[in-house]
Amino acid sequence: MHITPVLFSLFTLLLGSSRVAGAVVRPRQVLNAPSPTPTATITSPAQEATLTPTPTEPVQTFILPPQLAASPPPTTTTLDLSLPTDVPRGQNETQRIDCLNAHNDVRRNVTNLSPLKTAPVDLKYDVVLEEASCRWARYLAETKQFKHSYGAVGKYGENLHKISWSTARPLQQGPQLGSCRPAVTSWAKEVVYYKAGYKIGVDGNFAQYGHYTQIVWPSSLSVGCCGWQSLDRKDFVWACEYSPQGNYYGVAAY
């Protein structure tokens with residue numbers, strides 16, 4: 001496996017028989033994960049403005065999966081990452097809570113910890129990460145590409161999910177697309193390929209479990225997600241951005 005010291009969590013997978021693919025964003029609003037009863041609260045942007053990796057997290061490089069190793073990072077000067085003002089985007093509050101709960105359900109299920117590891121805390125929902133994910137999801141959907149942002153929308157961890165839709169469906173965007181739960185459910189299935197103590201890029205096959213380990217990465221504290229449909233209505237892309245990013249090379253998720 002070729003490993004390149006790029007400071008982002010990157011990988012691409014193909015999942016399922018319906019052409020579902022997966023690949024591995026600070027805030028005006030932050031929703032605390034409901035635990036155990038779903039109740040959303042909003043805190044000020046300043047509380048998320050200084051997110052940094054936990055002091056115990058070593059500074060590491062990120063693994064670059066073999067299938068992406070030959071792809072140079074895009075430059076922001078050549079990408080149109082703007083968002084239209086006349087198209088709904090992101091998720092509504094109910095969908096954000098559901099998306100957040102989908103992530104935290106996976107994190108709360110981490111029980112078989114390796115020695116000296118603690119269970120990951122609940123993530124918070126970050127609308128700035130959501131906007132960053134909208135920018136990248138729109139770019140992928142409208143350019144008919146499927147690849148990681150390489151930091152073009154921010155220095156975040158990233159999971160991607162792509163589904164092929166029937167062209168008979170009307171073009172839809174924004175809250176009409178629902179929450180990110182189906183994408184998270186797909187990524188979470190990779191748990192069968194990860195064992196406690198596995199070091200990223202060293203043990204097992206990272207391409208088989210990398211989406212899952214980004215979801216449960218202990219020092220990732222916030223998430224924001226967005227879905228976008230292609231203009232020809234054939235493809236639908238979900239992007240989730242995580243801060244701080246996870247999947248450090250040579251470090252175990254738990």
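A disulfide, for the purposes of this talk, is a pair of cysteine sulfur atoms within 2.5 Å, and since the structure we are looking at is a predicted model, everything I say rests on computed coordinates. With that cut-off the count comes to three disulfides, and if we number the bonded cysteines of the chain in sequence order, the pairing reads 1-3, 2-5, 4-6. Let me take the three links in turn.

I begin with Cys-99 and Cys-180, whose sulfur atoms sit 1.9 Å apart and form a disulfide. The torsion about the S-S bond of this pair, Cys-99 and Cys-180, is about 95 degrees, so the disulfide is right-handed. Cys-99 belongs to helix 1, which covers residues 93-108, while Cys-180 belongs to the loop between strand 5 (157-164) and helix 3 (181-188), so the bond ties together parts that are 81 residues apart in sequence. Both ends are covered, in that Cys-99 is buried and Cys-180 is buried as well.

Next comes the link of Cys-134 and Cys-226, where the sulfur atoms are 2.1 Å apart. Here the angle about the S-S bond is 90 degrees, and this link of Cys-134 and Cys-226 is right-handed. Because Cys-134 lies in helix 2 (residues 127-143) and Cys-226 lies in strand 6 (residues 222-229), the pair ties together parts that are 92 residues apart in sequence. As for accessibility, Cys-134 is buried, and Cys-226 is buried too.

That leaves Cys-225 and Cys-240, which form a disulfide with their sulfur atoms 2.0 Å apart. For Cys-225 and Cys-240 the torsion about the S-S bond is about 115 degrees, so this disulfide is right-handed. Cys-225 lies in strand 6 and Cys-240 in strand 7, residues 235-243, so the parts tied together by this pair are 15 residues apart in sequence. Are Cys-225 and Cys-240 buried or exposed? The cut-off for buried is under 20% relative accessible area; Cys-225 has a relative accessible area of 0%, so Cys-225 counts as buried, and Cys-240, also with a relative accessible area of 0%, is buried by that cut-off.

Strand 7, which carries Cys-240, leads us to its pairing with strand 5. These two strands, 5 and 7, pair in the antiparallel sense over eight bridges, and within that pairing the bridge partner of Gly-157 is Tyr-242 in strand 7. Strand 5 is itself mostly covered, with six of its eight residues buried.

Let me return to helix 1, where, besides Cys-99, we find Asp-105. At 33% relative accessibility, Asp-105 counts as partly exposed, in contrast to the buried Cys-99. Asp-105 and Thr-185 are 80 residues apart in sequence, and their C-alpha atoms are 10.0 Å apart in space.

Finally, a word about the surface. Which residues make the nonpolar surface patch of about 280 Å²? The patch is made by Val-191, Val-192 and Tyr-193. Tyr-193 is found in the loop between helix 3 and helix 4, the latter being residues 206-216, and at 42% relative accessibility Tyr-193 counts as partly exposed.

To close, I would come back to the connectivity: the pairing of the bonded cysteines in sequence order is 1-3, 2-5, 4-6.

How values were computed:
Residues numbered from 1 in each chain as written. Predicted model: local features only at pLDDT ≥ 70, side-chain atom pairs only at ≥ 80, totals over all residues. Heavy atoms only, no water. Helix = DSSP H or I, 4+ residues; strand = E, 2+ residues; numbered from the N terminus. Buried < 20%, exposed > 50% of the residue type's maximum accessible area, 1.4 Å probe, protein only. Pairing = 2+ DSSP bridges. Patch = residues over 30% accessible without salt bridge, like charges linked within 9 Å, V, L, I, M, F, W, Y side chains within 5 Å. Areas by Shrake-Rupley, 256 points an atom, 1.4 Å probe, with all protein chains shown as cover. Salt bridge = Lys/Arg side-chain N within 4 Å of Asp/Glu carboxyl O.
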